[in-house]
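Trainee: I am new to this one. Could you take me through it, one question at a time?

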Amino acid sequence: MKLSQIGEFGLIEEFKNILQTKDKNVVIGIGDDTAVIKGYRKNHYLLFTEDALVQNIHFNLKNISWLQIGKKALSVNISDIAAMGGIPKFALISIGLPQKISVSQCKNLYQGIKKTADKYKVSILGGDTVSAKELFISISLLGEVERKNLVTRNKAKEGDILLVSGSLGGTILKKHYSFSPQVDLSRYLVKHFKLSSMIDLSDGLASDAVKIAQKSQVGLILFGDDVPLSSDAKKLAKKTSKAPLCHALFDGEDYELLFTVPPRSVTKLIQQVKEKLKILITPVGKIVNKKEGYQLYSNHKYTKLHPKGFDHFLSNT
Ligand code: ADP
Ligand code: MG
């Protein structure tokens, strides 16, 4: 079977079957934004994640500086720790370098990594350096979270409201290399509210919302008319002739937080986050019974929600 038939997530399921572990300290292995491990510090979990960036897949050297690549490589990992309610701590970095890259370019890349590391108090403790046909950077990041504050993808309940931070879409224009992972927001949320699930938006609102629903074994209605559209979603829509909402639903790389709470917390949560952190939180959907499936409600009409988002092996639209 070809990779294009199974897709990225089908392939990961195959890996998961091969990689089963019996270690009692593994709380979550494959299947969430990070792995979750117990037994390392009282009342805490260790979080463990890895994300890679590859030249001409995640970035094009024509449109992004070396400093920005460095910042992005660490930021995408930090975003996954934030998605679990945690704090990033320690990282290892592997880089693959084509011969033609200069020493000063490599150093700029590391200046970018260091800037983001300092901002989020992450210590870089080592890594590996190899030659490669195209530039790649892969970062493994450890973080921690108090046990009571851990938020996973799999506990959204029927009736819960789906909330998103910031505004979405059009990230290819700028945000994909300039975003700040939402650690402060995540920490504020887990300390003050009981979230039932959370994910960071890397593959697109539609795709990532469906991941929460699938893991939680529930259905989902997205309120299309309420999705906060970024100015870049609108700008890009003029060029692509798609609706701005399409960009907000399917573009990916927003690195905002998508999470669920019971309806009674919604008003207070939105108000307090606005006051304390000056961050916009918007209700964008509702968790429903599994038998209702995944739907998009827009313009007074329900349509089937296609969770198409970024997949490394399927044709992305
Ligand atoms: P995210 O978008 O949040 O970074 P991914 O979609 O990359 O998450 O990964 C989903 C899950 O699959 C994670 O638990 C991740 O650790 C796991 N995973 C991805 N690729 C591999 C791989 N090559 N081997 C083992 N596990 C993997
Ligand atoms: Mg993630």
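Mentor: Start with burial in the protein chain. This is a predicted model. Of its 317 residues, the share that counts as buried is 50%.

Trainee: How many helices and strands does the protein chain have?

Mentor: Both kinds of element occur in the protein chain. The count is nine helices and 13 strands.

Trainee: What radius of gyration does the protein chain have, and what would a compact globule have?

Mentor: The yardstick depends on 317 residues. A compact globule of that length would be near 20 Å. The chain agrees with this, because its own radius of gyration is 19 Å.

Trainee: What does the C-alpha trace span along its principal axes?

Mentor: Take the protein chain along each principal axis in turn. The spans are about 55 × 55 × 50 Å.

Trainee: What share of the contacts with a separation of 6 or more joins residues 24 or more positions apart?

Mentor: Count contacts in the protein chain with a separation of 6 or more. Then pick out those between residues 24 or more positions apart. They account for 82%.

Trainee: What about the surface: how much of the exposed area do carbon and sulfur atoms supply?

Mentor: The protein chain exposes about 16200 Å². Carbon and sulfur atoms supply 53% of that.

Trainee: How far apart are the mean positions of the positive and negative charges?

Mentor: The protein chain has 46 positive and 30 negative charges. Take the mean position of each set. The two means are apart by 3 Å.

Trainee: Which residues coordinate the magnesium ion (ligand 2)?

Mentor: Each contact is made through an OD atom, at 2.0 Å. In sequence the donors are spaced D-x46-D-x119-D. The residues are Asp33, Asp80 and Asp200.

Trainee: Where do Asp33 and Asp80 lie in the chain?

Mentor: They are 47 residues apart and link distant parts of the chain. Asp33 is in the loop between strand S1 (26-28) and strand S2 (35-37). Asp80 is in helix H2 (residues 66-83).

Trainee: Is Asp33 buried or exposed? And Asp80?

Mentor: Buried means under 20% relative accessible area. Asp33 has 6%, so Asp33 is buried. Asp80 has 8%, so Asp80 also counts as buried.

Trainee: Why does Gln295 count as buried?

Mentor: Gln295 is found in strand S12 (residues 294-298). Beyond four places in sequence, Gln295 touches Leu220, Ile221, Leu222, Tyr302, Thr303 and Leu305. The cut-off for buried is under 20%. Gln295 is buried because its relative accessible area is 19%.

Trainee: Which residues does Lys211 touch, leaving out those up to four places away in sequence?

Mentor: Lys211 sits in helix H6 (residues 205-216). Its relative accessible area is 12%, so Lys211 is buried. The residues it touches are Phe9, Arg153, Ile199 and Asp203.

Trainee: How far is Pro307 from Ser207, C-alpha to C-alpha?

Mentor: Pro307 lies in the segment after strand S13 (301-304). Pro307 is partly exposed, at 38% relative accessible area. Its contacts include Ala206, Ser207 and Val210. Pro307 and Ser207 are 100 residues apart along the chain, yet their C-alpha atoms are separated by 4.2 Å.

Trainee: What phi do Gln217 and His300 have?

Mentor: Most residues other than glycine have a negative phi. Gln217 is not a glycine, yet has a positive phi of about 55°. His300 is not a glycine either, and its positive phi is about 65°.

Trainee: Where are Gln217 and His300 found?

Mentor: Gln217 is exposed, at 56% relative accessible area. His300 is exposed too, at 72%. Gln217 lies in the loop between H6 and strand S9 (219-223). His300 is found in the loop between S12 and S13.

Trainee: Is Gln99 buried or exposed?

Mentor: Gln99 is in the loop between strand S4 (87-97) and helix H3 (103-119). Its C-alpha is 7.9 Å from that of Ala132, 33 residues away in sequence. Exposed means over 50%. At 74% relative accessibility, Gln99 therefore counts as exposed.

Trainee: Last one: how far apart in space are Arg41 and Glu144?

Mentor: Arg41 lies in the loop between S2 and strand S3 (44-54). Arg41 is partly exposed, with a relative accessible area of 41%. Arg41 and Glu144 are 103 residues apart in sequence. C-alpha to C-alpha, the distance is 9.2 Å.

Definitions and conventions
Residues are numbered from 1 along each chain as its sequence is written. Chains are lettered from A and ligands numbered from 1 in the order in which they are written. This is a predicted model: local features need pLDDT of at least 70, side-chain atom pairs count only at pLDDT 80 or more; totals for chains, interfaces and linings use all residues. Side-chain values use heavy atoms; hydrogens and water are left out. Helices (H or I, at least four residues) and strands (E, at least two) are DSSP runs, numbered from the N terminus. The radius of gyration is taken over C-alpha atoms; the globule rule is 2.2 Å times the number of residues to the power 0.38. Buried means under 20% relative accessible area, exposed over 50%, partly exposed in between (1.4 Å probe, protein chains only). Contact means heavy atoms within 4.5 Å. Accessible areas come from the Shrake-Rupley method with a 1.4 Å probe; for residues, only the protein chains shown count as cover. Lys and Arg count as positive and Asp and Glu as negative; His and the chain ends are not counted. The place of a charge is taken as NZ of Lys, CZ of Arg, CG of Asp or CD of Glu. Donors are N, O and S atoms within 2.8 Å of the metal (3.2 Å for Na, K and Ca); water is not among the atoms, so sites may look incomplete.
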